[in-house]
Amino acid sequence: MSIKIGIAPDSWGVWFPASDPNNAKQPQWWRCLDEMKIAGYDGCEIGPWGYMPNDNPQVLKNAIDARGLTLVGATEGGNYLDDANVEQMLKDIDDISALLKNFPSAKYIVLLPPMYTNLATGELEMNPDLTDEEWAKYCANVQKCADRCAANGFQGLFHPHVDSHVQTEEQIERFLNDTNVDLCFDTGHHVYGGGEPISFYKKWAKRIPYIHFKDCDLSVKAKMDENKWSFAKAVTEDIMVEPGKGSIDFAAMHDALVACGYDGWCVVEQDLFPVKSFDVPLEKASIGRENLRKAGF
C-alpha cells in the first residue's frame, strides 16, 4: 500500500485557462511546476484545461519529466443541467484524454459541478434545490461524462463542491446511490458543506479512489455566512488554508486511509485565487507539505 502526495495548480491560485483575461492574475505554468517540485510534492494535476500547454503533448511531457513530477490527472467542469454545455464537456474530455494518453501515470479526470452562486458576487444564479426531474437529468449527464472518460481509458470522478447541488453529506450520498460514478473526495469542500470528512471517508472508502486535500477555517466560514461573502471573497480571506491549519485532523485522516487500505494519490488543492503575490504560493505549499509529513504522509 502506498499513499502518494501531489498538488494542483489551484494551490497557485490557478482557476482559469491561459486564454482567460484572469490569467494575468495567475503565475506562469512553468513557475507553477518548478515550485511544486521545490515544495516537496511528487505529483500534480494540470489544472483548468488550457492553463498548461496542450497543443503538443511532448512540450508538457518534457516539462513535467524534467522536474521529476508525476502527472496524475486533469479536471473538466460545466453545467450538467445544460445539454449544450454537456456536449462541450464531452468534446473537452476527448481532447483532455488525447493529451493524458501520453502520460501512463495519469488515470483520473475530475468532473466539477457548477456553482449555483456567482463566483464573484455570491448572488444566486441557479435554484439551489433541484426538482426530482432536474436531479435525474443532472445525475444522467454526470454519468454520461464519466462514461466518456471510461471509453477513453480514464476514470471520471465527480467532485462535490462549495455552493453546488452536491455539497452536503446527504446530497453526496444521494448522488452515490443514483449513479455508479465514484468520487474525487475533497476534504475542505466537505467541511464547508457541514460534513465530517474522516467518518464519511470510512463509510464510502470503496467509492473514493482519489482525494483532494484541503483544509477549511471554520472561523472564516462563520464570518462568510454572517457577512454574506461570495466564495471568491472568502478565498481572499483565507477560508481554505494549508492542510493542518484548519479544522481537519490530518493525522486521523492518515490513520483512516491506512485502515481502509487506501492506495493512491492525495492531491493538495488550496484555493488561493487571486494570489496577493506570486511569491505567496510556494511558502504555503511548503508549509502544507511539512504539515502532512508530520501527520504521517
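Here are some exercises with worked solutions on a predicted model, to be followed with the structure open beside you.

**Exercise 1. Describe the largest pocket: its volume, its lining and the classes of its residues.**

Step 1. Start with the volume, which is about 890 Å³ for the largest pocket.

Step 2. Next, look at the lining. It has 33 residues, and those closest to the pocket centre are Trp-15, Pro-48, Gly-77, Leu-112 and His-161.

Step 3. Now see which elements contribute. Strand E3 (70-77) and helix H3 (83-100) each give at least two residues to this lining. The largest share comes from H3, with four residues.

Step 4. Finish with the classes: the lining of the largest pocket holds 15 nonpolar residues, ten polar ones and eight charged ones.

**Exercise 2. Which residues line the second largest pocket, and what is unusual about the backbone of Asp-163?**

Step 1. The volume of the second largest pocket is about 160 Å³.

Step 2. Its lining consists of Thr-117, Gly-122, Asp-163, Tyr-192, Met-224, Asp-225, Lys-228, Trp-229 and Ser-230. Sorted by class, the lining of the second largest pocket gives three nonpolar, three polar and three charged residues.

Step 3. Pick out Asp-163 from that lining. You will find Asp-163 in the loop between strand E5 (155-158) and H5.

Step 4. Check the backbone: phi of Asp-163 is near 50°, a positive value although the residue is not glycine. As a rule, most residues other than glycine have a negative phi.

**Exercise 3. Work out how helices H4 and H5 pack against each other.**

Step 1. Find helix H4 at residues 132-151 and helix H5 at residues 169-178. Their axes lie 10 Å apart and make an angle of about 65°.

Step 2. Then view the handedness: the crossing of H4 past H5 is right-handed.

Step 3. List the side of each helix in the contact. H4 brings Asp-132, Trp-135, Cys-139 and Val-142, while H5 brings Gln-171, Arg-174, Phe-175 and Asp-178.

Step 4. Group these by class, and the contact of H4 with H5 comes out as four nonpolar residues, one polar and three charged.

**Exercise 4. Explain how Asp-65 and Lys-61 are placed along helix H2.**

Step 1. The whole structure contains 19 salt bridges. One of them joins Asp-65 to Lys-61, with the closest N and O atoms 3.1 Å apart.

Step 2. Test this against the cut-off: a salt bridge needs the nitrogen within 4 Å of the carboxyl oxygen, and the pair at 3.1 Å meets it.

Step 3. Turn to the helix. Asp-65 and Lys-61 are about one helical turn from each other because they sit four residues apart in helix H2 (residues 57-66).

**Exercise 5. How many cavities of 30 Å³ or more are there in the whole structure, and what lines them?**

Step 1. The search gives two cavities of 30 Å³ or more.

Step 2. The largest cavity has a volume of about 50 Å³. Around it are Pro-160, His-161, Gln-167, Ile-172, Cys-184, Phe-185, Asp-186, His-189 and His-190. Strand E6 (184-186) and helix H6 (187-192) are the elements that give two or more residues to this lining, and E6 has the largest share, with three. By class, the largest cavity is lined by four nonpolar residues, four polar and one charged.

Step 3. The second largest cavity has a volume of about 40 Å³. Lining it are Ile-7, Ser-11, Tyr-41, Pro-243, Val-268, Gln-270, Pro-281, Lys-284, Ala-285 and Gly-288. Helix H11 (residues 280-294) gives the most, four residues. The classes in the lining of the second largest cavity are six nonpolar, three polar and one charged.

Step 4. Compare the two lists, and you will meet His-161 again: His-161 lines the largest cavity and is also among the residues closest to the centre of the largest pocket.

**Exercise 6. Is the peptide bond from Phe-273 to Pro-274 cis or trans?**

Step 1. Place Pro-274 in the loop between strand E10 (264-268) and H11.

Step 2. Read omega, which is near -15° for the bond from Phe-273 to Pro-274, and the bond is cis.

Step 3. Set this against the general pattern: most peptide bonds are trans.

Conventions:
Residues numbered from 1 in each chain as written. Predicted model: local features only at pLDDT ≥ 70, side-chain atom pairs only at ≥ 80, totals over all residues. Heavy atoms only, no water. 1 Å grid on protein atoms, 1.4 Å probe; cavity = no way out; pocket = protein on both sides within 12 Å on 5 of 7 lines; lining within 4 Å. Points joined across faces, edges and corners; volume = space filled by probe spheres on them. Nonpolar A, V, L, I, M, F, W, Y, C, P; charged D, E, K, R; others polar. Axes fitted to C-alpha atoms, helices over the stretch in contact; angles between N-to-C directions. Left-handed = near helix turned anticlockwise from the far one by under 90°. Contact = heavy atoms within 4.5 Å. Salt bridge = Lys/Arg side-chain N within 4 Å of Asp/Glu carboxyl O.
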